[in-house]
Every structure is written in structure tokens, then in C-alpha cells.
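Subject: Structure handover

Hello,

Here is the structure I promised to pass on. Please open it next to this message, and read my notes below as you look around.

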Amino acid sequence: MHVENYFDNWKREFDAAGYTSDVARSEFDEWVAGLDGELNNDYTQNPLSVSAAAENAIWLLQQDEWAQISYADENCPKCGRQRLEKCANGKHWCEKCNWVVEDGKFFRPGWRN
Ligand SMILES: [Zn+2]
């Protein structure tokens with residue numbers, strides 16, 4: 001059977017990371033297209049391997065989205081330090097306390113750890 005059977009496992013990771021199902025679907029299709037035909041079945045894939053592949057895809061997405069473009073001039077509204085980074089996704093992220101100004105919540109991209 002086709003690896004498609006594990007799409008729910010894939011989507012669960014993307015849901016948890018706050019991505020829409022459209023993003024999950026296009027990233028999944030891209031991943032499947034890159035698999036060798038023999039890896040494209042559920043004898044070589046399992047829920048864990050698909051979840052791990054999804055985590056890796058998310059890590060790469062976040063690396064693009066949260067790349068630092070520059071430092072912002074203003075101070076972090078949460079911790080007061082002047083360490084706000086302007087990121088590729090247009091958001092301001094504090095590298096000290098992980099506050100995301102536009103989202104109003106703490107977040108740390110996986111690749112920053
Ligand atoms: Zn801060």
C-alpha cells in the first residue's frame with residue numbers, strides 16, 4: 001500500500017506546528033515525490049518514520065521562515081532588551097526571550113536550539 005496511508009501522521013505534526021492542511025499537503029506531496037519508488041509503500045515506511053520526515057520538513061520550513069534579516073531598532077516589548085530580530089517571514093522575534101511580537105506568544109524555531 002501507498003505511503004498516503006500515513007498522511008494523517010504527517011498532518012498531525014504540521015497541525016502541532018501551526019501549519020494549515022494545505023501546507024501539510026504540498027510538503028507531503030513534495031516528500032513523496034522525492035522518495036524512491038520502493039520507499040513509497042508502507043512496508044518501508046511506518047507512522048514513526050513518516051512523523052520523523054514531517055518533523056524534518058518543518059525544521060527546514062522554519063529555517064527559511066525564521067531566518068534573521070536584520071535586527072530591529074525597537075526593544076522587545078516582553079523583556080525590554082534590544083534583541084528583536086526581523087525575520088524572513090516579516091515577524092519580529094526576540095532571540096533572548098523567544099517572544100514573537102506579531103503573534104503575541106513565545107516561540108522558538110527548532111533549528112535555533
Ligand atoms: Zn525579549
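A word on contacts before the tour: two residues are in contact if their C-beta atoms, placed from the backbone, lie within 7 Å. Please also keep in mind that this is a predicted model.

**Overall layout**

The domain assignment splits the protein in two: domain 1 covers 3-65, and domain 2 covers 68-108. The C-alpha centres of domain 1 and domain 2 are 29 Å apart.

**Two helices that pack**

Start with helix H1 (residues 7-16) and helix H3 (residues 47-65). Their axes are 8 Å apart, and the helices pack at an angle of about 35 degrees. The crossing of H1 and H3 is right-handed. On the H1 side, the contact is made by Asn-9, Trp-10, Glu-13 and Phe-14. On the H3 side, the residues are Pro-47, Val-50, Ser-51, Ala-54, Glu-55 and Ile-58. By type, the residues of this contact comprise 6 nonpolar, 2 polar and 2 charged.

**The cores**

In soluble globular proteins, nonpolar side chains tend to be buried together. Here the largest nonpolar core has 11 residues. Val-3, Tyr-6, Trp-10, Phe-14, Ala-24 and Phe-28 are among them. So are Val-50, Ala-53, Ala-54, Ala-57 and Ile-58. Which elements give two or more residues to this core? They are H1, helix H2 (21-34) and H3. H3 supplies the largest share, 5 residues. Another core lies apart from this one. That core has 6 residues, including Trp-66, Cys-76, Leu-84 and Cys-87.

**Ala-57**

Take one member of the 11-residue core, Ala-57. Ala-57 sits in helix H3. Is Ala-57 buried or exposed? Ala-57 is buried, because 20 or more other C-beta atoms within 10 Å make a residue buried, and Ala-57 has 21. Leaving out residues up to four places away in sequence, Ala-57 touches Glu-27 and Trp-31. Phe-28 is 29 residues from Ala-57 in sequence, yet their C-alpha atoms are 8.7 Å apart in space.

**Trp-66**

Next, look at the loop between H3 and strand S1 (68-71), where Trp-66 is found. Trp-66 has 20 other C-beta atoms within 10 Å, so Trp-66 is buried. What does Trp-66 contact, once its neighbours within four places in sequence are left aside? The partners are Cys-87, Ala-88, Asn-89, Trp-93 and Pro-109. Trp-66 and His-92 are 26 residues apart along the chain, with 9.3 Å between their C-alpha atoms.

**Arg-81**

Arg-81 is in the loop between S1 and strand S2 (84-87). Arg-81 is exposed, because the limit for an exposed residue is 12 or fewer other C-beta atoms within 10 Å, and Arg-81 has 12. Beyond its neighbours within four places in sequence, Arg-81 is in contact with Asn-75, Cys-76 and Lys-96. Cys-76 also belongs to the 6-residue core. From Arg-81 to Cys-94 is 13 residues in sequence and 8.3 Å in space, C-alpha to C-alpha.

**Asn-98 and Phe-106**

Most residues other than glycine have a negative phi, and most peptide bonds are trans. Asn-98 is not a glycine, but has a positive phi of about 75 degrees. Where is Asn-98? Asn-98 lies in the loop between strand S3 (92-94) and strand S4 (99-100). Asn-98 counts as partly exposed, with 16 C-beta neighbours inside 10 Å.

Phe-106 touches Asn-98, and also Trp-99, not counting residues up to four places away in sequence. Phe-106 is found in strand S5 (residues 105-106). With 12 other C-beta atoms within 10 Å, Phe-106 is exposed. Phe-106 and Asp-22 are 84 residues apart along the chain, and 24 Å separates their C-alpha atoms.

That is the tour. Please write back with any questions.

Best wishes

Notes
Residues numbered from 1 in each chain as written. Predicted model: local features only at pLDDT ≥ 70, side-chain atom pairs only at ≥ 80, totals over all residues. Axes fitted to C-alpha atoms, helices over the stretch in contact; angles between N-to-C directions. Helix = DSSP H or I, 4+ residues; strand = E, 2+ residues; numbered from the N terminus. Left-handed = near helix turned anticlockwise from the far one by under 90°. Nonpolar A, V, L, I, M, F, W, Y, C, P; charged D, E, K, R; others polar. Core = buried A, V, L, I, M, F, W, Y, C linked by C-beta atoms within 7 Å. Domains from an automatic or database assignment.
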